[in-house]
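Here's a quick briefing on a handful of spots to look at while you have the model open. Grab your viewer and follow along, topic by topic.

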Amino acid sequence: MKTRRLGRNGPVVSAIGLGCMSMSQSYGLPDEAGGRATIHRALDLGVNFLDTADVYGPFTNEELVGRSIQGRRDEVFLATKCGFVPGGPDRPGGVDGSPRHIREACDASLRRLGVRTIDLYYLHRVDPKTPIEESVRAMAGLVQEGKVRFLGLSEVSAKTLRRAMAVHPITAVQSEYSLWTRDPEDGVLPACRELGVGFVPFSPLGRGFLSGTVRSLNGLPENDFRRGVPRFAPENLEQNLRLVDQLIAVAKDKGCTPAQLALAWVLAQGAEIVPIPGTKRTKYLEENLAAVDLSLSAADLERIGRAMPKGAVAGERYSPASAALVDR
């Protein structure tokens, strides 16, 4: 596995990481056995960058990851997140970036993961009720206490990133980024390059769509969250399928899968970028990791850009409720 440095002064990690969320939620039924096998195989293949969050499950994904890395902690660069508060029968969910919640959430994550230190601790979403300076100051306290090594932010604007950096170094920003979600190019990604912050794309395969395997909602499980994502809605799907079919044609000429082509495109956007495609199947893990060896020429990148032009995707990437939580 090739490696990249996460940020100008950050750690060296595998060039492709592993997003673990789908092992516990959102994409059909949870699969702990498949998830653990996938994590073990990832470590065997040199992937050391594992990504989870307290809200995944909720709470069960950290436990799964913790059990999976027992005896192999020194092989793992472990990232998790705080800030989301799951709803319950008697309370709505929301975002909490208060210092008290951050401290309590970190201690709870350490227990669930079964580790003494979290390598990279993200604020999952910016809390509009708490100035980002207060949130980052609390996270910096966790670094001083030895509970956390590096700090990150998720789905933040360039302006918020700059405010956070004035309090404590930010090692990585995590946001959705792929051929069909290129919003970061217009703000936070240039800021990351300027400030020496690593950039970690989640959903670099467009929530599986860029693999070419999702052709209709009928093939998705009833509890698959993509059924509520506008880009997968019938009124948008036809246009998006035309785009992905053009990507499939390019991949065929390159002798690779569409997923590998889409991941290689992300990797080619800059050395500061470390994508974390998620999967709970070793088959797809191995397919994804092969993208690090796929070389794209300038002509290839130009053709890919013509196949899926920026701004050509139909539909929003989030439902209105989820979009409201993204910092702008």
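Strands here are DSSP runs of E with at least two residues, numbered from the N terminus. By that count, Arg4 sits in strand S1, which covers residues 3-5. Keep in mind that this is a predicted model.

**Arg4, a charge without a partner**
- Arg4 is buried but makes no salt bridge.
- The nearest side chain of opposite charge belongs to Glu272, and that one is 6.8 Å away; a salt bridge would need the nitrogen within 4 Å of a carboxyl oxygen.
- What the Arg4 side chain does reach is backbone: the oxygen of Gly270 is at 2.9 Å, and the backbone oxygen of Ile273 lies 2.7 Å from a polar atom of that side chain.
- Setting aside neighbours within four places in sequence, Arg4 also touches residues including Pro11, Val12, Val13 and Ala15, plus Leu267, Ala271 and Val274.

**Helix H2 and what it packs on**
- Helix H2 spans residues 60-68, and its buried residues are Asn61, Glu62, Leu64, Val65, Gly66 and Ser68.
- Those buried residues pack against two helices, H1 (32-44) and H3 (99-113), and against two strands, S4 (49-51) and S5 (77-82).

**Val76, in the loop after H2**
- Val76 is placed in the loop between H2 and S5.
- Its relative accessible area is 8%, so Val76 counts as buried.
- Where does the chain come back to Val76? Its C-alpha is 4.6 Å from that of Asn48, though the two are 28 residues apart along the chain.
- Beyond residues up to four places away in sequence, Val76 is in contact with Leu43, Asn48, Leu50, Ile69 and Asp119.

**Ser135, in helix H4**
- Ser135 belongs to helix H4, residues 132-144.
- With a relative accessibility of just 1%, Ser135 is buried.
- Not counting residues up to four places away in sequence, the contacts of Ser135 are Gly97, Ile102, Leu123 and Thr130.

**Cysteines**
- How many disulfides does the structure hold? The number is 0.
- Why does Cys106 go without a bond? The closest cysteine sulfur, in Cys82, is 7.6 Å from the sulfur of Cys106, which is too far; the cut-off for a disulfide is 2.5 Å.
- Cys106 is buried at 0% relative accessible area.
- Cys256 is buried as well, with a relative accessible area of 14%, since the limit for that label is under 20%.

Definitions and conventions:
Residues numbered from 1 in each chain as written. Predicted model: local features only at pLDDT ≥ 70, side-chain atom pairs only at ≥ 80, totals over all residues. Heavy atoms only, no water. Buried < 20%, exposed > 50% of the residue type's maximum accessible area, 1.4 Å probe, protein only. Helix = DSSP H or I, 4+ residues; strand = E, 2+ residues; numbered from the N terminus. Contact = heavy atoms within 4.5 Å. Lys, Arg positive; Asp, Glu negative; His and termini not counted. Polar contact = N/O pair within 3.5 Å; in protein donor to acceptor, adjacent residues only side chain to side chain.
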